[in-house]
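The following exercises ask the reader to work through a protein structure step by step. Each task is followed by its solution.

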Amino acid sequence: MYRYFGELLTRAAGTVLASADSALPTSTSLLRYRGYSQAVDRDDDPNFFTMVEGFFDRGAAIVEDKLVESLKTRETTEQKKKRVRGILKIIKPCNHVLSVSFPIKKDNGEWEVIEGYRAQHSQHRTPCKGGIRYSMDVSVDEVKALASLMTYKCAVVDVPFGGAKAGVKINPKKYSDNELEKITRRFTIELAKKGFIGPGIDVPAPDMSTGEREMSWIADTFATTMGHYDINAHACVTGKPISQGGIHGRISATGRGVFHGIENFINEAAYMSKLGMCPGFQDKTFVIQGFGNVGLHSMRYLHRFGAKCIGIGEMDGNIWNPNGIDPKELEDYKLANGTIVGFPNSTPYEGNILEADCDILIPAASEKQLTKSNAHKIKAKIIAEGANGPTTPEADRVFLDRNILVIPDMYLNAGGVTVSYFEWLKNLNHVSYGRLTFKYERDSNYHLLMSVQESLERKFGKHGGAIPIVPTSEFQDRIAGASEKDIVHSGLAFTMERSARQIMRTANKYNLGLDLRTAAYVNAIEKVFQVYSEAGLIFT
């Protein structure tokens, strides 16, 4: 039982791209392109995929003329414009969407039909990459929107994947572990039968209400069926347990990426001066909506570096403590009680936690949480989008007008896919990071210390005995060489820093001010466009 919603290389001509304004000065044209897609609903509950397309249109309008200039072909200017607009039309839609329905037999003997979807937005790079979520809110529109975000997210952080996303329309709390395993394994088979999973085709990962356990089931199912003869079969999915080919640091990767993303902008004096804030985390307060995987680890790292969490919001209630909330204590309390409500040394927060008074707001729950109805009530000066699509276009415009810095989701929560990339490479290489060099690096560092000691003793003699060489605590921690976790953390930090610098340069280049979202989309569009342009187009 399959339904295809294929839109490969076709889409009605509704793209909002700049053409007539190409002769305008940069500042004038940018002011005009600051407008958002006209498809946004009046009640500010836009279609999610249309919302993402509107953000894409905005970035494409700004960068189109530069893309035309960058083409080094013998075509006329008009032909180049047509080529650029054609490639932008190719980038925008979802290439493939698979819808599946399959039955499972529940523990009580009843039968139920389960719905699931997998969207592949782009194959400009392969494999496609994107998580699998379990939620009753899953729909075709949602997986298409999230798949398109994944394409741009991967491009922003220079991870060579196309974008994809999957969802199964269930409430996992209403199913036993045995039933969830049946659903996960059957969904894997349905994807495999239609070529929507494989190490070089499409690689899922954890998302909302899924984790290591589900990824292990997926890897085992694929490796023992369709991938039986594929030595790389376990690379068909990332976010696995270590014993199944996972990588150290993957669980905390998205939250750690959120921290590094905030760090790169909060330490930038130029941006902080625009907000009237001092650089650094000290004396900064933050509030998190959603205490799941992303919220927990974001809170941990921010707390560790001096910021103070004063509020947490969940579906069943909010807690508040102006003196600060300890992440470890809150994690233990939630594990023991299944909720954050009633946490000691805190009070219930009446009202919308998003509107609480703080320096940094981290929406880490679901999409479309910040709308025009509450955007003017937000008191934070920095909004760090830990969730996908938490801000509607109307709200984004309000934040720009109010001089609030929004660090966009497509950059900020890219830590997960970055470390997934490292795990995928580890699976293809069939060796853990550091294993081949660990002892060599350790021996080399000890030889270095011995060489320094011998040089000093030759110079000054041993009259008072051997000259002790005492390494610093930082060097002592690294003297044994880099472990897999060290390499993952270092690679993630470097990736987030480099991408932040690219976004800052683009914002300055196009005079975008605090509009980091458009700067990130411009970066993504330029990179994806280059792949399509240099690879060439076939069958057109």
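**Exercise 1. Strand E7 and its neighbours**

Determine how E7 pairs with strand E11 and with strand E8, and whether its two faces are covered.

Solution. The model is a predicted one.

Step 1. Strand E11 (residues 360-363) runs parallel to E7, and 4 bridges join the two. Within this pairing, Ile-288 is placed opposite Ile-362 of E11.

Step 2. Strand E8 (residues 308-314) is also parallel to E7 and is joined to it by 5 bridges. Here Gln-289 has Gly-313 of E8 as its bridge partner.

Step 3. E7 covers residues 285-289, and 5 of its 5 residues are buried. Thr-285, Val-287 and Gln-289 lie on one side, while Phe-286 and Ile-288 lie on the other; both faces are therefore covered, since all of these residues are buried under the cut-off of 20% relative accessible area.

**Exercise 2. The sheet as a whole**

State the order of the strands in the sheet and identify which strands stand at its edges.

Solution.

Step 1. The sheet is open and consists of 7 strands in the order E10-E9-E8-E7-E11-E12-E13, with mixed pairing.

Step 2. Strand E10 (347-348) and strand E13 (405-407) each have a single partner strand, so one side of each lacks a neighbour in the sheet.

Step 3. The pairing of E10 with strand E9 (residues 317-320) is antiparallel and comprises 2 bridges. In this pair, Trp-320 faces Thr-347 of E10.

Step 4. As a general principle, the strands of a sheet pair through backbone hydrogen bonds, in either a parallel or an antiparallel manner.

**Exercise 3. Helix H9 between two strands**

Describe what unit H9 forms with E7 and E8, and what covers its buried residues.

Solution.

Step 1. Together, E7, helix H9 (residues 293-304) and E8 make a β-α-β unit that is right-handed.

Step 2. The 12 residues of H9 should span 16 Å at 1.5 Å a residue, and this agrees with the 17 Å between its end C-alpha atoms.

Step 3. The buried residues of H9 include Val-294, Leu-296, His-297, Met-299 and Tyr-301. Among the elements that cover the buried residues are helix H7 (253-266), helix H10 (327-337), E7, E8 and E11.

Step 4. Just after H9, Gly-306 adopts a positive phi of about 105°.

**Exercise 4. Buried residues of helices H3 and H4**

Establish where the buried residues of H3 lie around its axis, and how many residues of H4 are buried.

Solution.

Step 1. H3 (residues 77-91) has 15 residues and reaches 21 Å from its first C-alpha to its last, close to the 21 Å expected.

Step 2. Its buried residues are Lys-80, Val-84, Ile-87, Leu-88, Ile-90 and Ile-91. Viewed down the axis of H3, the buried residues fall within an arc of 160°, so they line one face of the helix.

Step 3. A general rule is useful here: an α-helix has 3.6 residues a turn, so residues three or four places apart point the same way.

Step 4. The buried residues of H3 pack against helix H2 (48-70), helix H4 (140-156) and helix H17 (516-535).

Step 5. In H4, 15 of the 17 residues are buried, so this helix is largely enclosed by the rest of the structure. H4 is followed by Asp-158, with a positive phi near 60°.

**Exercise 5. The hairpin of E2 and E3**

Find how E2 and E3 pair and which residue of the hairpin takes a positive phi.

Solution.

Step 1. E2 and strand E3 (residues 111-120) are antiparallel and pair over 10 bridges. Ser-99 stands opposite Tyr-117 in E3.

Step 2. The hairpin has 5 residues between the strands, and Gly-109 takes a positive phi near 95°.

Step 3. Of the 10 residues of E2 (residues 96-105), 7 are buried, so the strand is largely enclosed by the rest of the structure.

**Exercise 6. The nonpolar cores**

Identify the residues with the most contacts inside the largest nonpolar core.

Solution.

Step 1. This core has 102 residues, and Ile-262, Phe-265, Ile-312 and Leu-405 have the most contacts inside it. Its largest share, 11 residues, comes from H2.

Step 2. Another core, of 27 residues, lies apart from it and includes Leu-98, Ile-132, Ala-192 and Ile-197.

Terms used:
Residues numbered from 1 in each chain as written. Predicted model: local features only at pLDDT ≥ 70, side-chain atom pairs only at ≥ 80, totals over all residues. Heavy atoms only, no water. Expected span 1.5 Å × (residues − 1). Buried < 20%, exposed > 50% of the residue type's maximum accessible area, 1.4 Å probe, protein only. Arc of directions from axis to C-beta. Contact = heavy atoms within 4.5 Å. Core = buried A, V, L, I, M, F, W, Y, C linked by side-chain atoms within 4.5 Å. Pairing = 2+ DSSP bridges. Right-handed = clockwise from strand over helix to strand, strands pointing away.
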